[in-house]
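Q: Hi! I've just opened this one and would like to go through its salt bridges and cavities with you. Can we start with the charged pairs?

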Amino acid sequence: MSKTLVIAEKPSVASDLAKALGGFKKDGDFFENDQFVISSAVGHLLELVPPAGFEPAKGKWKIENLPSLPEHFELVPIEKNVGRLNTLKRLLKRKDIIEVINACDAGREGELIFRNLVKASGVKKPYKRLWLQSMTPDSIRAAFTRLRSDGEMQPLADAATSRSEADWLVGINSTRALTAFNSQSGGFNKTTSGRVQTPTLAILVDREQKIRAFKPRTYFEVLSDFGVTAGSYRGRWFDPTFKKGAEEEARAERIWDRAQAEAIKAKCDGKPGVIEEEKKPTSQAPPLLYDLTTLQREANSRFGFPAKMTLQIAQALYEKHKALTYPRTDSRYLPEDHLPTARHVMEEFVDPTLAVHAQKALNQGWVRPNKRIFNNAKVSDHFAIVPTGTVPKNLSETEQKLFDMVARRFIAVFFPAAQFEITTRITTVENEKFKTDGKIIVDPGWLAVYGKQAEGEGETDKAIVAVRPGEQARTEAIEVKQSETKPPARYNEATLLSAMEGAGKFIDDEEMREAMSERGLGTPATRAQIIEGLINEGYIIRQQRELIVTAKGISLITLLRDLHAETLTKPELTGEWESKLKRMERGELSRAEFMQQIRLLTTEVVEKVRLGMGKEVRGEFHPLEVSCPKCGSGPFKESFRLYECPNQECKLTLWKSMAGRELEREEVIKLLTDRKVGPLEGFRSKLGRSFAASVMIGEDWKQKFDFEKNEGGENGEPIVPINPEPLGACRVCNTGQVYETASAFICENVPQKKCTFRMGKLILQREIPRAQAAKLLATGKTDLLQKFVSTKTKRSFAAYLNLGEGGKVGFEFEPRAPKKPAKKAVAAKEA
């Protein structure tokens, strides 16, 4: 009996397909019935490599062997996925399989995963495409009745393959060339670069440079409390003739001269004021439905969720709980034929805080055709993220928060606009004008879904006391407030996602700007991965909610701009690619023509790096406000590779990079101040092994590593405590005392090899206080310690340190709070 093989992207999707179609038996990694065999990949199974023998066995990272431009690529298995690849190859080669359905995620990446698999298998059979928008059983069954042909999908497949190969050519060659440049002075300083990663980093670097160059400026404001019959209100002085000009920090209410501010205060103090008031109605339409980027941005702002975490939660709500539609979307609209489904979903909410609003929208007839919601022209591969109508059960706290966000947005979008009354009150005292703004909710409209009410019924936005017609105000109190201008805020994930999404607005070319307006930098599905990649490469760090550029990140952008390789730092490259790939998807551009242009671009980038080899790199550098420890001169000058004393006779210099790690400005300041900093993590030996060490300025005024061997404990040498008082008895050998050395807490029996207890004073970038080490020895466990930094995710976390068998120090995490039982369960128990 002939059968059809269905290949999904992930095992969970394969399971859902089998459940929706029914009648399957599971056999290892696949499901089978009389008509179908269903299995899945586990994401990407293969990766690109040049053909065998194309590149030299050694010297791939040397500038003279670049660019590497293979005419075609081979596919090799990703090691961890070899088993799944072999399973799918066997299924594809089965004689009873006469047709194959691609059920991978609907989009470029899903197409690429399937096409690479088919290419690697060498099997030629008829192919069709399943295009899923929702994972509910009804949606799955309906999609199987609307399969797309292989010919329809070929342009998308060409675009997917071209994007993958282009990223390899530009990414690999630019990374190797820049690494060769940064390794000219010795060592191996890997410097990764990529089409989306690098312009995203440039956004962060530009902001950091503005912060470093910022000089605070003192300004003054005049604030007055005015009394009227109904109470009092506060007004702020402003200049009615003010116009925005070249001075970026100027505002109508800011006064740069204290004497002028004090003169206004003296002039108005105790004087009556004439009141002019304007009230006008305004409305605010409900926000559009969520796409992935908007959901990630708001989840970060509200709950501090990193973009990657939001995607993972949304994916679980889609695949595991079937509660949301496909999350990797860049559309904020629904298809016009989705209206009956939307009505059904509105009827299925069981949470009373959601159901009451959903029912009101249905009863009022608000769930109707509306181009702000249902618009085929705004829907591409996928539509907005909305609830499916499946009532989710046993959600985690984070899953519940995200589901509630999507559900409330879905309900709110059908509600009418919120109505406000805006009050602008101008109080004129001795010809000086003071402004007071007020805003109240007249009709909450869609805001009711979020718990907002009209004035008089509950929450008020910003009301001000009423005044009678013709009433004058009394100047009851007046003050001059001194403030300083502030530097621009660093990006967090929410604001960076917005910047990535809107990166195209700075592009002059209209066609490129249009392509970027739809995608921005990266896609909704890849932006979280780009941010995590920058963290993993050491270009940025995540500190609480802020994303902070490292010295390594600033150096990369400085280098590219000086080499005139700005193509890699600007969003135009992505805009151009997206424009051309979209043309390819429409059949308007050939794959061969696109790839030829990519090869020319790659050659150009490598050539610019080659021409810059051996030359001084210029850029925007800022001196260190610290004195030279050798001669007392200052501030210390900065260049691309060095910090150096301004005194030409002194010539004290410090290298920015040591053993593949760039020193941060704060670390250099401490090194110059104390002549020692650390221990620091992240250095790499010539063998590629990571190590930690302190950096010091020696007696010869040279910069060097200090491995702090004077602590002893090695080769039989006695330990050298920095504190003669022991921390306590050793819990490992039970006979020795534990002492504090320069970089560790060590048992005195370690030199004689009678004990193994040794705990570093720096664990995952977190210093361990002496008191906590003593508590570990006394009780076997420290208090809950904050600010450990994961080497894998670069995120900070809190944990206890505990003492395990053999003296091994490990982490113990705080137990999660027990989940609150569902209301139904509580009610049943009480009954």
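Q: Which residue forms a salt bridge with glutamate 638, and how far apart are the closest N and O atoms?
A: Keep in mind that this is a predicted model. The partner is arginine 665, and the closest N and O atoms are 3.2 Å apart.

Q: Which elements do those two sit in?
A: Glutamate 638 belongs to strand β18 (residues 637-638) and arginine 665 to helix α19 (residues 665-674), so the salt bridge ties together parts that are 27 residues apart in sequence.

Q: Is glutamate 638 buried or exposed? And arginine 665, buried or exposed?
A: Glutamate 638 is buried, because its relative accessible area of 16% is under the 20% cut-off. Arginine 665 counts as buried too, at 14% relative accessibility.

Q: Nice. Which residues line the largest cavity?
A: Both partners of that salt bridge are there: the lining includes Glu638 and Arg665. Gln209, Arg212, Ile554, Ser555, Thr558, Glu620, Phe621, His622, Phe640, Lys656 also belong to the lining.

Q: Which elements give two or more residues to that lining?
A: Those are α6 (197-213) and α16 (551-562). The most comes from α16, with 3 residues.

Q: How do the lining residues divide into nonpolar, polar and charged?
A: The lining of the largest cavity has 5 charged, 4 polar and 3 nonpolar residues.

Q: What volume does the largest cavity have, and how many cavities of 30 Å³ or more are there?
A: The largest cavity comes to about 70 Å³. Searching the whole structure gives 4 cavities of 30 Å³ or more.

Q: Back to charges. How many salt bridges does the count come to?
A: The count is 55.

Q: Which residue does lysine 10 pair with?
A: Lysine 10 forms a salt bridge with glutamate 319, where the closest N and O atoms are 3.4 Å apart. This pair links distant parts of the chain, 309 residues apart: lysine 10 is in the loop between β1 (3-8) and α1 (11-21), while glutamate 319 is in helix α9 (residues 307-319).

Q: And is glutamate 319 buried or exposed?
A: Glutamate 319 counts as buried, with 10% relative accessibility.

Q: What about glutamate 298, which arginine does it bridge to?
A: That is arginine 409, with 3.0 Å between the closest N and O atoms. Glutamate 298 is in helix α8 (residues 292-303) and arginine 409 in helix α12 (residues 397-412), so this salt bridge ties together parts that are 111 residues apart in sequence.

Q: What are the accessibilities there, for glutamate 298 and for arginine 409?
A: Glutamate 298 is partly exposed, with a relative accessible area of 23%, whereas arginine 409 counts as buried at 4%.

Q: Now zoom out. How many helices and strands does the protein have?
A: There are 21 helices and 34 strands. Along the principal axes, the C-alpha atoms fill a box of roughly 95 × 80 × 70 Å.

Q: What percentage of the residues count as buried?
A: Of the 831 residues, 48% count as buried. The protein exposes about 41,200 Å², with carbon and sulfur atoms supplying 49% of that area.

Q: Last one: what share of the contacts join residues at least 24 apart?
A: Among contacts between residues at least 6 apart in sequence, 66% join residues at least 24 apart.

Conventions:
Residues numbered from 1 in each chain as written. Predicted model: local features only at pLDDT ≥ 70, side-chain atom pairs only at ≥ 80, totals over all residues. Heavy atoms only, no water. 1 Å grid on protein atoms, 1.4 Å probe; cavity = no way out; pocket = protein on both sides within 12 Å on 5 of 7 lines; lining within 4 Å. Points joined across faces, edges and corners; volume = space filled by probe spheres on them. Helix = DSSP H or I, 4+ residues; strand = E, 2+ residues; numbered from the N terminus. Nonpolar A, V, L, I, M, F, W, Y, C, P; charged D, E, K, R; others polar. Salt bridge = Lys/Arg side-chain N within 4 Å of Asp/Glu carboxyl O. Buried < 20%, exposed > 50% of the residue type's maximum accessible area, 1.4 Å probe, protein only. Contact = heavy atoms within 4.5 Å. Areas by Shrake-Rupley, 256 points an atom, 1.4 Å probe, with all protein chains shown as cover.
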